[in-house]
Amino acid sequence: MSSAAADALGTTCTQHDPEAQDGPEAFIGYTHWLRGKFPDLRLDIRRTVEQGDLVVTHSNLHLTPGDRGMAVADFWRVEDGRIVEHWDVVQEVPEEPANQNTMF
């Protein structure tokens, strides 16, 4: 495990994304797989909220240059300053929204 990941992840990491496995090594493996599949991936974190042991990031995820992206809400449970649990909600940015409000 890289030192940056070791600093951020707990010894356990419960994953609630149905496409990802539990554990810090699996979390790192998933991010490496995603970056390998989409080498130009860009994640723009637009806002962060913290309450107690939960941190939420609201981001615009672009898998390829020029795509509309996806709105992503990641929920992280932190214990002793390290991530131990993760949930996410992902929604594609529509081509023709029903209103003029942005998702971000």
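Let me begin with a single contact, in which the side chain of Glu85 makes a polar contact of 2.6 Å with the side chain of Arg77. I should say at once that what we are looking at is a predicted model, and I will use this contact as the way into the rest of the chain.

Glu85 is found in strand E5, a strand that covers residues 82–92. Is Glu85 buried or exposed? With a relative accessibility of 12%, Glu85 counts as buried, because the cut-off for that word is under 20%. Its side chain also has a polar contact with the side chain of His16, again given as 2.6 Å. If we leave aside residues up to four places away in sequence, Glu85 touches Cys13, Thr14, His16, Phe75, Trp76 and Arg77.

Now to the charges. Side chains of opposite charge can pair when their charged atoms come close. The side chains of Arg77 and Glu85 meet in a salt bridge, with 2.6 Å from N to O, and Arg77 meets Glu79 in a salt bridge as well, at 3.1 Å. Arg77, Glu79 and Glu85 are therefore described as linked in a network of salt bridges, a bridge being counted when the nitrogen and the carboxyl oxygen are within 4 Å. As for how these residues sit relative to the surface, Arg77 is partly exposed, with a relative accessible area of 22%, and Glu79 is partly exposed too, at 43%, whereas Glu85, as I said, is buried.

How many salt bridges are there by this rule? The count comes to three, and one that I have not yet mentioned joins Asp44 to Arg42, where the closest N and O atoms are 3.1 Å apart. Arg42 is partly exposed, at 42% relative accessibility. Asp44 itself lies in strand E2, which spans residues 42–51, and, not counting residues up to four places away in sequence, Asp44 touches His58, Ser59, Asn60 and His62. For Asp44 and Ser59, which are 15 residues apart along the chain, the C-alpha atoms are separated by 5.4 Å.

Let me turn to the aromatic rings. A search of the whole structure finds two aromatic pairs, and one of them is formed by Phe27 and Trp76, an edge-to-face pair with 5.9 Å from centre to centre and 70° between the planes. Phe27 belongs to helix H2, residues 24–37, and Trp76 to strand E4, residues 70–79, so this pair ties together parts that are 49 residues apart in sequence. Phe27 counts as buried at 17% relative accessibility, and Trp76 counts as buried at 15%.

On the surface, there is a nonpolar patch of about 320 Å², which is made by Leu54, Phe75, Trp87 and Val89. Of these, Trp87 has its place in strand E5 and is partly exposed, with a relative accessible area of 30%.

Finally, let me step back to the whole chain, which has two helices and five strands, following the pattern α-β-α-β-β-β-β when read along the sequence. Its C-alpha atoms fill a box of roughly 45 × 35 × 25 Å, taken along the principal axes. Buried residues make up 33% of the 104 residues. The chain exposes about 7,100 Å², of which carbon and sulfur atoms supply 52%. Among contacts between residues at least 6 apart in sequence, 29% join residues at least 24 apart.

Key
Residues numbered from 1 in each chain as written. Predicted model: local features only at pLDDT ≥ 70, side-chain atom pairs only at ≥ 80, totals over all residues. Heavy atoms only, no water. Patch = residues over 30% accessible without salt bridge, like charges linked within 9 Å, V, L, I, M, F, W, Y side chains within 5 Å. Areas by Shrake-Rupley, 256 points an atom, 1.4 Å probe, with all protein chains shown as cover. Helix = DSSP H or I, 4+ residues; strand = E, 2+ residues; numbered from the N terminus. Buried < 20%, exposed > 50% of the residue type's maximum accessible area, 1.4 Å probe, protein only. Polar contact = N/O pair within 3.5 Å; in protein donor to acceptor, adjacent residues only side chain to side chain. Contact = heavy atoms within 4.5 Å. Phe/Tyr/Trp six-rings, centres within 6.5 Å; stacked < 30°, edge-to-face > 60°.
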